[in-house]
Amino acid sequence: LPLALRAAKRRPRAPTYPLRQLNAPRPRELVLDYVVERKRMDDLCGSIVDGRFREQKFRMKRCGLRNRIYLVEDCNFVKHLSLPETTLQQAIVNTQVVDGFFVKRTKDVKESAAYLTIMTRYLQNLYLVGVFPGVSQRSPPSVSLSPI
């Protein structure tokens, strides 16, 4: 499964159900319209060789989420991989141009973590302040974002 598929829960603000009702309303879970697949260059190389790369992109395109992000993390030993660096670079370009993914390149795990933190904050601001697309409501939801 992709690394950062996030879910949002709408929590009831206050008990609006009769006190005699035994069960409180369950929070409603919604899937946000973002999915991130993270690959280190050595893993990208291995997944191209064994076919996972194509299959994972196919599943991400078919999942119904519009904002597909492919996070590619560089490593220091690209020259020692089983595929030429030009092949890996072409696969990354094709992922963006042909497959329609947003491709984010990072230099290491620290930069990847920083990017994912920024994306999480962006989504929190987007969904905590705004409303959920396709869900009618009068006031902003009480939302918690958590990894699945």
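This passage goes through the salt bridges of a predicted model. Searching the whole structure turns up 10 of them, and a few are worth walking through one at a time.

Take the pair formed by Glu 73 and Arg 38, whose side chains meet in a salt bridge with an N to O distance of 3.0 Å. Glu 73 sits in strand β4, which covers residues 67-73, while Arg 38 belongs to strand β3, residues 34-40, so this contact ties together parts that are 35 residues apart in sequence. The two partners differ in how they are exposed to their surroundings: Glu 73 has a relative accessibility of 3% and counts as buried, because the cut-off for that label is anything under 20%. Arg 38, at 30%, counts as partly exposed.

Next comes the bridge between Asp 42 and Arg 40, where the N to O distance is 2.4 Å. Here Asp 42 is partly exposed, with 23% relative accessible area, and Arg 40 is partly exposed too, at 34%.

Arg 52 and Asp 43 also pair up through their side chains, with N and O 3.4 Å apart. Arg 52 comes out at 31% relative accessibility, which puts it in the partly exposed class, and Asp 43, with 27%, gets that label as well. This pair does not stand alone: through salt bridges with shared partners, Arg 52 and Asp 43 are joined with Lys 39 and Asp 50 into one network.

Key: Residues numbered from 1 in each chain as written. Predicted model: local features only at pLDDT ≥ 70, side-chain atom pairs only at ≥ 80, totals over all residues. Heavy atoms only, no water. Salt bridge = Lys/Arg side-chain N within 4 Å of Asp/Glu carboxyl O. Helix = DSSP H or I, 4+ residues; strand = E, 2+ residues; numbered from the N terminus. Buried < 20%, exposed > 50% of the residue type's maximum accessible area, 1.4 Å probe, protein only.
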